[in-house]
Structures are given as C-alpha cells and as structure tokens.
Amino acid sequence: MNTRVIISIVILAFGGVAAVLPGRQNDAILLNERQVLQEVLQKANYFSVDELAHLLVSGDPSIRVLDLRPVVDFKEPIPGALNIPLDSLFSENYAYLFDQDVMKNVLYSNDDQVATRVWMIITQLGYKNNYLLKGGLSEWNVSILNPVYPGVTASQEALDRYQKRLAIRQYFTGTQMLPPADLFKPLSPPIKGRKKKKVEGGCS
Amino acid sequence: MGPIIPINDISMEINFLIAFLVGLGFGFALEQAGFSSSRKLAGMFYGYDTVVLKVFFTAAITAMLGLVFLNYFELIDLGVVYINEYYIESAIIGGVIMGLGFIVGGFCPGTSVCAAAIGKIDAIAFLGGSFLGILAFGETYPLWENIYMKNYLGGLKLSDAVGISDGLLVFGVIAAAVLMFWIGEWAEKRFGRPDITKEI
Amino acid sequence: MAHHNYVTGTKKYMNPYVAGIMLGTVLLLSFYLTGRGLGASGAMKSAVVSTVNVVAPEYTQGSDFYGKYITGGKNPMNSWLVFQVLGVLVGGFLSGALAGRLTWKTEHSPNITARKRIVLAIIGGALFGFGSQFGRGCTSGAALSGMATLSLAGFVTMMSIFGTAFLFAYFFRKNWI
C-alpha cells in the first residue's frame, strides 16, 4: 500500500468518528462569557440612588450625571443630568467626558441594562471614574421621588432612610408631603461638604 | 485546558519564545516538504508535482481533527481560539490578487521566508517584492478602505454558515481531500515532467 | 551532488503526507498553546510599518492604516508573528542544512533567464503582499490556519487563491514548464 492509501484510510476513519461526535463546542464559550461578565460586573462601581441623591444635595462638584436615554425620551431626568444619547456617545464632542480623571461620571438609563453595557465598553476602553446608578431612573423615581412609608414596624434604619428620602424629594421637587404623624421628629440634616462615598471595589 | 497562554495569562517573553519555537517547527516542516523550491510549488498548477495539495490538506486536516477532538474532550476552549474574521469582498479580492502573485512569483510569504533561509535568491526577491506590495497597500489604503471594511460577518465558521456540526464538515473536507489526493497522484503520472522533478 | 540527507535518509524530500502531518501538528500545537494559528504576512507588515515609522513618524501616526499598529507607543516588531517568522527562518535553515540543501541559487525554468525570474519574483511578491493585506492574511494565516478553525474566511481565501492561480496558470506556463 502506498502512503496515499494509508493516509486516506486513517483520515477517513478519524473523520468518520468526528462526524458522529455531538457538537458541543459552544458550551464552554458561553460559560466563559458569562463568567467574564460577572467578574467585570463585580468590579463595577455602583452608586445607589440614595448615595447619588446625597451627593447631589450636598452639591458635590465632582459628580457628573449622564443620562443615556435617546433624546426623544429625555424628560424628567435626574436634576443636573447631561443627556448623551447612545449613538453620539463616542462622537468627538463627548470624548472629553470620559477622557479625564477629575469628574466622576454616574451613568444611568431607564433600567440597568443599557447603562451597564455602556459602562463595560468604556471601562474596557480604559476610561476610569465611571459609575453606574443602581436600578437606573426607574429606581430613582420609585425610591427618591415616591418613597413608600416602610411601616411602623420597620427598622430604625429603614425609617431614617425614608425620612432622608422625603427631605431629598422636597429638595428636588419642592413637593411637601407630611409624613405620618407618628414619625414626626426632626429630619436629619443634609450632609454638608464634599463627602465622596465609595462603594466596595476600588477605582482610584 | 487550552489555549494555554491566553487562559493562564503567561508573560510576553515566554509567549514570544513559544512563537519562535512554533515558527521553528513551521519552517522545518515547510522545508522538509520541499516548499523551499518555487518550481516544486508551481508544479501544483501544471500537474507535474502536487506536493502543495498533499501537504496543505494533510496539515489542515490534522489540525482540524485535532481541534475537534481536543474540543470534544474539553481540552481546548474554542471560544478563545481566533477564528478569522470574514469580510466577503476583501477575502475574495485579496485571494484573487494573491493567486495571481502565486503563479507569477512562485512563492507565498511563508514559503518565501523558508526558501530564503536556504539561499534561494528568487525567494529573497519575492520577499522584497512583498514588502513593496504591503507598502503599496498602506499608501493607497484610503482608496480601498470602503471595500476593505464592507460586509463584515465576524468570526463566522463554515459549519455554522451551512448549519452542520463541525465534525461533519471535517468529514466532508476529508472526503474531498482523499479525492483530490487521488487526482493529484494521477496528475503527477499524466503530466509528469521528469526533466523538472529531477532538478528540484 | 553528494550531500547526505540526514532527515529522510534516502529520499530528497520528506514524504509529503508525513510532512503535512508534521506541519498540521505544529499548527495544532500553536492553537493549543496560543489560541492562534500560523502566519507570515503579518510579520512583514510589522516590518513595513516600522520602516515607515522610522522614515516618517508623523505621517505614520496620522495614517489610518499604519496608525493602528503603533498607537500608544507600541513597537510593531514586538509581535507574536515577528518572532514566529524568525523561527521559520531558523527552522528552514536547519532543515536545509540537515538535508544538504544550503546553496545560493536562483531557481528558474530553462525557458527564462535568472534575471527574468528575479523580476517576476519581485512582481509576484508585490502582488502577494498587496493581496495579503487586502485579504487579511496569506496562505498560512488566512487559508491554512483559517481552514483549520473551519472559518468561512479560510475556505473562501483558500479557494480564491488556488482557483485564481489555476485559472492564470496557462498564461504563465512559459515561465515554469
């Protein structure tokens, strides 16, 4: 037998086995991508709506809020937010927003998804000082603008938070809403000065 | 689990050392196969020597089968392995120009390096020419940019495009190769040029 | 010639199928170790980009094509493929030395002069270099490695290269046979 016949038989045999193997090539990849995503997100720096509200009330000059919704949807944003629609995110007009290390950008859209994706892209591009607003605008609207009375039996912590939210809501909207009578005690004063609160994980 | 270097974050220096060793094997195999001779390579297109066909397909099939089996036994993560990105127009146009270069020049870049290493002057000329060609592309890039970037389909696999399993596609390639090997050896008899083959 | 071939012992070149398995094993090893296949034209591009960068740094920075290989002070010669091609050079030399094939020689058909062969090699090289940039890789990087990973790009590039060469073979037959 010459080499060609031998090699033909050998590769056909291997090929025959390969042909009946179940295709499983994508399992490992998907798992891997998910793992990467989780790892990246664990390192993500979040601001909760309460933290952001405090920083805004205290007038922290290093906070810049970026609203990622499309222009047509840019209504009733978080006060002071700058609207950067997704499609113009990487235009040169806005490059200065990310290519810097002075300001802290807090990104939000209606929910977490869009902002998270943008955060991942700009983080992978190497830009620092970008944060995510946990829960996005919907969380802001629910927790800050329409806080729900946690109930008399709630922990002191929850009650304190509720009071703060009421105060902040008043600060932003001017609406007065009397809290239930049994909660009538002095509100804790808004935080003064430039307090920069950091969430776990570190982005210097 | 492979690929070892990207998964384990191995240092640049070791990576380059491995690049050199892999290249060593590559060059050695090419030279042993006779790819350092332009007349042997060109024999492919006139039928008197089909070593290119045999080596090229045996190598591709060995690697294909290896990847399919390594993947099956979870020894390699094909998600990390680089899959060439597909741009329809540029792949075809580039291939046509390269094919023309092959029949005119008698080498391809890899084989020209290998042939230059053993002192083939035509290979050194080919190598010099390829620098000029790359420079020409770089200088005229704005003219081609549109077509170069057109119709991007990502790292698309033929098996996914056709909708069959990787293993089945490999079997198809093997069947085609076995047929081509047979035709190749027939052609070597039919179009044999002993006057050329004894020289190279 | 009385050279002794230390590799194959008797025959001039290795059996093509055995050489193919050897090449395929190297290719597979490359995938297993580094996640990428073999290549050649990429290293030549690195050399071209570095040369242009030395001659006209500002022009290189501004160019859409060269610029992407030198962003952030990157040295294009510090690339995987450059080291791999240096390996090809040494590997080819070792094989040639072991097989007794080290000679300065211009290989050409008796129909044409050595000078014509050199001119054709330069033209062919230029076409191949140009095409390899257009097609994002040459026979090794796009066709061979691309086919091994079953990428559509690999199959299309392979067919395109060999198909064209077969198509034009008739017109260039005087140069070869």
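Helices and strands here are DSSP runs, with at least four residues for a helix and at least two for a strand. By that count chain C has nine helices and zero strands. What you are looking at is a predicted model, and I will go through chain C, its contact with chain B, and then chain A.

Chain C to begin with. Read from the N terminus, its elements go α-α-α-α-α-α-α-α-α. The C-alpha trace of chain C spans about 55 × 40 × 35 Å along its principal axes. Chain C has 177 residues, and 59% of them are buried. If you take the contacts in chain C between residues at least 6 apart in sequence, 53% join residues at least 24 apart.

Now the contact between chains C and B. Chain C puts 108 residues into it, and chain B puts in 111 residues. Which elements of chain C give two or more residues to the side that touches chain B? They are α1 (16-34), α2 (41-55), α4 (64-70), α5 (80-98), α6 (114-134), α7 (139-148), α8 (152-169) and α9 (173-176) of chain C. The most comes from α1(C), with 18 residues. By residue class, this side of chain C divides into 64 nonpolar, 35 polar and nine charged.

One helix on that list deserves a closer look, α7(C). How many of its residues are buried? Ten of ten, so to speak of α7(C) as mostly covered is fair, a residue being buried if 20 or more other C-beta atoms lie within 10 Å of its own. The buried residues in α7(C) include T139(C) and S140(C) at the start of the helix range, and G146(C), M147(C) and A148(C). Also among them are G141(C), A142(C), A143(C), L144(C) and S145(C). What do these buried residues pack against? On the chain B side, they pack against α4 (51-72) and α6 (109-117) of chain B. Within chain C, they pack against α1, α2 and α8. A backbone detail comes after the helix: α7(C) is followed by L150(C), which has a positive phi, near 65 degrees.

On to chain A. Here there are seven helices and five strands. Along the sequence of chain A the pattern is α-α-β-α-β-β-α-β-α-β-α-α. Chain A has 204 residues, of which 22% count as buried. For contacts in chain A with a separation of 6 or more, residues 24 or more positions apart account for 66%.

The five strands of chain A form an open sheet, in the order β1-β5-β4-β2-β3, with parallel pairing. Which strands are at the edges? β1 and β3 (82-83) of chain A, each of which pairs on one side only.

I will spend a moment on β5(A), residues 130-133. Its pairing with β1(A), residues 46-47, is parallel and runs over two bridges. In register terms, Y46(A) stands opposite L132(A), and F47(A) has L133(A) as its bridge partner. With β4(A), residues 104-108, the pairing of β5(A) is again parallel, over three bridges. There, L107(A) is bridged to L132(A). To get from β4(A) to β5(A) the chain passes through helix α5(A), residues 112-124, and this β-α-β crossover is right-handed. That helix, α5(A), lies across β4 and β5 of chain A, and runs at about 170 degrees to β5(A).

Are the faces of β5(A) covered or open? In a regular strand the side chains alternate between the two faces of the sheet. For β5(A), both faces are covered. N130(A) and L132(A) are buried on one side, and Y131(A) and L133(A) are buried on the other.

Last, the domains of chain A. The assignment gives domain 1 as 43-141 and domain 2 as 147-183. Their centres, taken over C-alpha atoms, are 26 Å apart. How many residues does each domain give to the contact? Four residues come from domain 1 of chain A and four residues from domain 2 of chain A. The side of domain 1 that touches domain 2 divides into three nonpolar, no polar and one charged.

To recap the two contacts: between chains C and B there are 108 residues from chain C and 111 residues from chain B, and between the domains of chain A there are four residues from each.

Methods: Residues numbered from 1 in each chain as written. Chains lettered and ligands numbered in written order. Predicted model: local features only at pLDDT ≥ 70, side-chain atom pairs only at ≥ 80, totals over all residues. Contact = placed C-beta atoms within 7 Å. Nonpolar A, V, L, I, M, F, W, Y, C, P; charged D, E, K, R; others polar. Buried ≥ 20, exposed ≤ 12 C-beta atoms within 10 Å, placed from the backbone. Pairing = 2+ DSSP bridges. Right-handed = clockwise from strand over helix to strand, strands pointing away. Axes fitted to C-alpha atoms, helices over the stretch in contact; angles between N-to-C directions. Domains from an automatic or database assignment.
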